[in-house]
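Student: Could you take one part of this model and walk me through it closely? I'd like the cut-offs spelled out as you go.

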Amino acid sequence: MEEEYKEILEFAYELAEKATDMILKGSAARWTSKKDAAAKMNSVDLVTETDQAVEDMIKAAIAERYPSHKFKSGALDVADWKFRTLQFSARLGGGAFLNRTTPLPLTGGIPQPLTELSKCMIGTEWGGDRSQQCMAKKTESLFRLAGDPTKGVEGGRMVHALRTLGSSVCTIAALVSGQLDMYWYAGCQPWDVCAGAIIVSEAEGFFSGGKDAFHNNAPMGEILMSRRYVFVRPLPDSETETREQIQRRLVKELYETVIEWTNEGMTT
């Protein structure tokens, strides 16, 4: 089984390299094209011809090499883990790496300390559901996270910064690289975060779901299908808390601050 997993991972590397070449060529061609990207759901959920071509290539390659394997259409973000020269990978029990050999996190192998929510740089997304009921809860949550409690923001945490990168995989890559401290979002699909969940976990980061899943210590499969996610980067132990105790406390404080929303198609 160990050798089989190694073979599958090597195959995934090969597909990522082919996908990267296609994406870079497609990106260059778009500068000379007058065609707009098509929308999957709305103006903030786009798909290009290159997206579809890469997905078709991956699907055909998997069907030929592993005919018994299933393919979920829409799992294109797996290919995007190679950002030009940055390739993030992991397998359960095998560690997490950049460009195959550099151990994650990218801080010389030594996670940097973090003990307070107010010092966190947090990634999140506006998402594709821009309805009134969702936007009201999103904006109120970000208002509380960013607001100064000493200057009239009730429940404010005044976190160090909030970041929106426009892609779950890019955000998770930034987190495991040490460029973000937390990532919290609801509404994206399991295939948007499943690879990242393994990479972060193997790098000794923390991954869980929404408030109920977090408090109930739900298993990974249940969390992935819930479409509510929270990540915390790798941390060292402090003098009084273990790494996981700190990560869980930060998530608990986050969830005491924000309001959960439910996108169309999600379960409550």
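Tutor: Sure, let's take helix H5, which covers residues 190-202: its 13 residues reach 18 Å from the first C-alpha to the last, close to the 18 Å expected at 1.5 Å a residue. That expected span is 1.5 Å times one less than the number of residues. Helices here are DSSP runs of H or I with at least four residues, strands are runs of E with at least two, and both are numbered from the N terminus.

Before going on, the ground rules: this is a predicted model, where local features need pLDDT of at least 70 and side-chain atom pairs count only at pLDDT 80 or more, while totals for chains, interfaces and linings use all residues. Residues are numbered from 1 along each chain as its sequence is written, and side-chain values use heavy atoms, with hydrogens and water left out.

Back to H5. Its buried residues are Pro190, Asp192, Val193, Gly196, Ala197, Ile199 and Val200. Buried means under 20% relative accessible area, exposed means over 50%, and partly exposed is in between (1.4 Å probe, protein chains only). The cover over those H5 residues includes strands S4 (86-90), S5 (96-98), S10 (206-208) and S11 (228-232), along with helices H4 (168-176) and H7 (220-226). Contact here means heavy atoms within 4.5 Å. Just after H5, glutamate 204 takes a positive phi of about 70°.

Now zoom out for context. The protein chain has 8 helices and 11 strands, and buried residues make up 42% of its 268 residues. Of the chain's contacts with a separation of 6 or more, 69% come from residues 24 or more positions apart.

For a different sort of helix detail, try H8 (residues 243-255), where arginine 249 and glutamate 253 sit 4 residues apart, about one turn of the helix. They form a salt bridge, with the closest N and O atoms 3.3 Å apart. The cut-off for a salt bridge is a side-chain nitrogen of Lys or Arg within 4 Å of a carboxyl oxygen of Asp or Glu. Arginine 249 counts as partly exposed because its relative accessibility is 24%, whereas glutamate 253 is buried because its relative accessible area is 18%. Elsewhere, salt bridges that share partners join Glu10, Glu17 and Arg100 into one network. The structure holds 12 salt bridges.
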